[in-house]
Amino acid sequence: MMRIVDTHCHLDFDRFEKDRDQVIERARMEGVIGFILIGIDPESWNSTREIVDNEPGFWRTAGLHPNSVDDQWNPELAASLEAESASGSLVGIGETGVDLYRSESSRAMQMEAFDAHIELAKSYDLPVVIHQRSAEKEVLEVLERHGEVSGVMHCFGGDWNFARQCLDLGLHLGIGGVATFRSSQSTRDAIARAPEDRLLLETDAPFLAPQPVRGKRNEPAFLRHVVDVVADCRSRSSEHIAHSTTENAVRLFGLEV
């Protein structure tokens, strides 16, 4: 059986409240041996901690999602995030980044918060988990201020030009359901060209289910569809891609699987 790590999921969300145990069991039956739960605000820092403390093979990150920056980013939250980082219980900082899909009104504040997350990640030698939507220019602008950055461009859906810039800055590419969509040929072309040791697998569950199950609630068991697409892009076996991306996840996040 393949051994896969889902490097970005939100199994603490309410959409999994009624059947979380079954979701985890289905994932393990499909070869998912590790799950990184992504903290997007203080409430989710607590809910992810509860799962990690009670489930083997789970790890967590903490950050403030860019869509929440306007309402929640302040010195008190920044101090709380630093305390989380100092606790030794995290494998990464984020989800952070810039999202201008709905509005550019908080652009400056999002970039300021993103800067602070990167500085914190570097201080504690943790990778940063980056969200980008309609903001490639802004995200790259912030990253370039910090030189090489350890982390992952979550939910990568760009072309080779954007992929190359991310890779040149030291980032990994988080490959999920978007790569399987019929409209994502430029992303698949980038996956084919990227160094294999910079590719990670993720679901972003419950969002962005891959093409064969598109429209359903996404869950880690569906990661097999992503593995197959990446394997096809790179003319490799699915077993090979599962192995190499798991090794990449272990190395980047310091996992023990």
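Helices and strands here are DSSP runs, numbered from the N terminus. With that in hand, let's walk through this structure, which is a predicted model.

**The largest pocket**

Start with the biggest opening. Rolling a probe the size of a water molecule over the atoms shows where empty space is left. The largest pocket comes out at a volume of about 620 Å³. It has 25 lining residues, and the ones closest to its centre are Asp99, His131, Arg133, Cys155 and Leu208. Two elements, strand E4 (92-99) and strand E5 (128-133), each give two or more residues to that lining. Which element gives the most to the lining of the largest pocket? That's E5, with three residues. Sorted by class, the lining has eight nonpolar, 10 polar and seven charged residues.

Those two strands also go together in the fold: E4 and E5 pair in the parallel sense, over five bridges. Aspartate 99 sits opposite arginine 133 of E5, and both residues are on the list of those closest to the pocket centre. As for E5 itself, five of its six residues are buried, so the strand is mostly covered, buried being under 20% relative accessible area.

**The second largest pocket**

Next comes a pocket with a volume of about 200 Å³, the second largest. Its lining is made up of Asp12, Asp14, Glu17, Arg20, Asp21, Ile24, Ser47, Glu50, Ile51, Asn54 and Glu55. Helix H1 (20-29) and helix H2 (42-52) are the elements that give two or more residues to it. By class, this lining splits into two nonpolar, two polar and seven charged residues.

**Backbone oddities**

A few spots in the backbone deserve a look. Here are the residues with a positive phi:

| Residue | Phi | Where |
|---|---|---|
| Serine 134 | about 55° | loop between E5 and helix H6 (136-145) |
| Cysteine 155 | about 55° | loop between strand E6 (151-153) and helix H7 (160-168) |
| Glycine 147 | about 70° | just after H6 |
| Glycine 254 | near 65° | follows H10 |

Serine 134 and cysteine 155 stand out a little, as neither is a glycine. Is serine 134 buried or exposed? Neither, quite: serine 134 has a relative accessible area of 48%, so it counts as partly exposed. Cysteine 155 is partly exposed too, with a value of 24%. Cysteine 155 is also one of the residues closest to the centre of the largest pocket.

There's a cis peptide bond as well. It joins alanine 205 and proline 206, with omega at about 15°. Proline 206 lies in the loop between strand E8 (199-201) and helix H9 (223-234).

**Two helices worth a closer look**

In H6, the buried residues are Glu138, Val139, Leu140, Val142 and Leu143. What covers the buried residues of H6? The cover includes E4, helix H5 (107-123), E5, E6, H7 and strand E7 (171-175). So E4 and E5, the strands named for the largest pocket's lining, turn up again as part of the cover over H6.

Helix H10 covers residues 238-253, which makes 16 residues. At 1.5 Å a residue it should span 22 Å, and because its end C-alpha atoms are 22 Å apart, the model agrees with that expectation. Buried residues in H10 are Ser238, Ile241, Ala242, Ser244, Thr245, Thr246, Asn248, Ala249, Leu252 and Phe253.

How values were computed: Residues numbered from 1 in each chain as written. Predicted model: local features only at pLDDT ≥ 70, side-chain atom pairs only at ≥ 80, totals over all residues. Heavy atoms only, no water. 1 Å grid on protein atoms, 1.4 Å probe; cavity = no way out; pocket = protein on both sides within 12 Å on 5 of 7 lines; lining within 4 Å. Points joined across faces, edges and corners; volume = space filled by probe spheres on them. Helix = DSSP H or I, 4+ residues; strand = E, 2+ residues; numbered from the N terminus. Nonpolar A, V, L, I, M, F, W, Y, C, P; charged D, E, K, R; others polar. Buried < 20%, exposed > 50% of the residue type's maximum accessible area, 1.4 Å probe, protein only. Contact = heavy atoms within 4.5 Å. Expected span 1.5 Å × (residues − 1). Pairing = 2+ DSSP bridges.
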